[in-house]
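The exercises below are meant for a reader who is meeting this structure for the first time. Each one gives a task and then a solution that proceeds in steps.

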Amino acid sequence: MSERIVVVGFGPVAARLVDELLPAVRTGLVQLLVVGQETEAAYNRVMVAEFGVGRTTAEALAMADASELEADGVQVRLGVKVRRIDRARQNVALSDGTTERYERLVFATGSRPVIPNLTGLNPDPSGPVLPAGVTALRDLKDAAVLRSAVAEGKRVVVLGGGVLGLETALAAAEEGAQATVVHNGPFPLGRSIDRGSGSVLTNSLRAGGVRMAGNARSTGVETAGPGGSFSALLLDDGSAVDGDLLVLSCGVRPRIELAEGCGLPVASGILVDHHLRTYHEPHMFAIGDCAEVRCPDAACVDCRNASGPSGLVGPGWRQAEWLAEYLVVLARDGQTAADALDALPQEKPGVVVLKARGINLAVAGDNQADPWDEELLEAGAVAGRARRQISQWADPEHGRYVKMTTRGGVLEGLVAVGMPRTAAELVVLFERSSELPADRSLLLRLDGPDQLDAGATSNDPQRTVCRCAGVSAASIEDSVVEGCSTVGEVSKATRAGTGCGGCHEDIKGIIEKHFQAAAA
């Protein structure tokens, strides 16, 4: 008898799980029901801002086709919410009045945008009320609001200095809107980068046409626009930032209400072990933005300093792929065989990349120490462990900055602004835990004039081009050789470029290099 699996949520991570389970569905090994709250099937939520400024289409964002899945035997329920989960009876009550049973249930509920507690906004997570002209830019409907404002060249105010907020403001400015970023602290990305890189980044953003309002604390929204729409963001010093559209980019929170409501332990996310199983409930699992991998074993070293959900699509996809294998083995061979599988590998620290026209930033690890911070440099240097070393270079006039934090020659942190080739090489070294050259200046030369046409970091076929999907340069090159000639075709063949989109230019470069060689 086949096992019935219910997946709650239909975002990018759920789409990957469904894709991996399809062979088992086709053979009848498992029955699969996917319940999605939105009326659209899964789409690339990370690229919603690109859609909002008119640079891509809804079709290009699509990651699943409900009719095709139905034809393969998957039950897809769109525009439906799960109201209640009955663990004792192993069924879910849906908003359309039906009840569905399950043998296994997977939470893939993702996250919701944080609505700041400002006068004029209702931050209730279960039903936020946003006035006209205010959007959190989380779904296609939000993107349509931004698209209209950009098309009309209106004033767009972005509240929040994270990567998505900065990318939205840059794209809006490039497409003709007046964009302003309002953020707390002296520079954007304040939790990830240091003062030097923050100053260079701020200047680069201004050069890209984005107005920057730092050290600003928002208190409320003014709705004096047409029909009571947004007209200004009010600040605690009595000033205001006028605009026609306010984009809230204040982070996200995992959707844990369903799990919490049926009695499952939660923290920042739904607590799961290294097999992605919820605590004390072997029939239920969680993946993606809603899942917090922190096993109940107090002696587990890996979980001692575990943080909450990463919020990145790459780790969620890897969880989906691992869980699909586990569920198939479980259905086919039983619990003992499934538990014999290697546990989910621990995620490496994430790399944050901001890529826009004229701006390139890469950041990873701890970058807070400066070359003269003896206390921070000595931190952790015990039992013969090496102290931290800092290598730092800045050229603010030309928007360039690099900082490398190493221990024993191995990168613990990096930040690079305006140095794309150096950044790419540092990211590879960071992800591989490789030792840097003793002369760090060799890395800076990758962005020198003698390297502009040399493809300094493009000769390693095993380097990871798409970190979200874990696709190497060799895999992309193979797909191009086999006939892929556009980024979209490469994405369909390899999944590269289907996450944050930061690797699109690299994919284009590989395609162009191949056809230039063929023409020669």
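**Exercise 1. Describe the surface of the protein chain and its charged side chains.**

Solution. Begin with the surface of this predicted model: the accessible surface of the protein chain comes to about 23700 Å², and carbon and sulfur atoms account for 49% of it. Then turn to the charges, where 50 positive side chains stand beside 66 negative ones, while the centres of the two sets lie 2 Å apart.

**Exercise 2. Decide whether the radius of gyration of the protein chain agrees with that of a compact globule, and describe the fold in outline.**

Solution. First take the expectation, which for a compact globule of 520 residues is a radius of gyration near 24 Å; the protein chain has 24 Å, so the two agree. Next consider the extent of the C-alpha trace, which spans about 65 × 60 × 60 Å along its principal axes. The secondary structure comes to 17 helices and 28 strands, and 48% of the 520 residues count as buried. Finally, look at the contacts with a separation of 6 or more, of which 59% are between residues 24 or more positions apart.

**Exercise 3. Classify S111 as buried or exposed, and find its surroundings.**

Solution. Start by placing S111 in strand 8, which covers residues 111–113. The cut-off for buried is under 20% relative accessible area; S111 has 6% relative accessibility and therefore counts as buried. Setting aside neighbours within four places in sequence, the contacts of S111 are R138, V252, R253, P254, R255 and D289. With R138 there is also a polar contact, made from side chain to side chain at 2.7 Å.

**Exercise 4. Classify S249 in the same way, and relate its position to R138.**

Solution. Locate S249 in the loop that joins strand 16 (245–248) to strand 17 (252–254). Partly exposed residues lie between the cut-offs of 20% and 50% relative accessible area, and S249 is partly exposed because its relative accessible area is 21%. Beyond its neighbours within four places in sequence, S249 is in contact with V158, L159, G160, L164 and G165. For G165 the detail is that its backbone nitrogen lies 3.2 Å from a polar atom of the S249 side chain. As a last step, compare sequence and space: S249 and R138 are 111 residues apart in sequence, and their C-alpha atoms are 9.3 Å apart.

Note on methods. Residues are numbered from 1 along each chain as its sequence is written. This is a predicted model: local features need pLDDT of at least 70, side-chain atom pairs count only at pLDDT 80 or more; totals for chains, interfaces and linings use all residues. Side-chain values use heavy atoms; hydrogens and water are left out. Helices (H or I, at least four residues) and strands (E, at least two) are DSSP runs, numbered from the N terminus. The radius of gyration is taken over C-alpha atoms; the globule rule is 2.2 Å times the number of residues to the power 0.38. Buried means under 20% relative accessible area, exposed over 50%, partly exposed in between (1.4 Å probe, protein chains only). Contact means heavy atoms within 4.5 Å. Accessible areas come from the Shrake-Rupley method with a 1.4 Å probe; for residues, only the protein chains shown count as cover. Lys and Arg count as positive and Asp and Glu as negative; His and the chain ends are not counted. The place of a charge is taken as NZ of Lys, CZ of Arg, CG of Asp or CD of Glu. A polar contact is a pair of N or O atoms within 3.5 Å; within protein, one must be able to donate a hydrogen and the other to accept it, and residues adjacent in sequence count only if both atoms are side-chain atoms.
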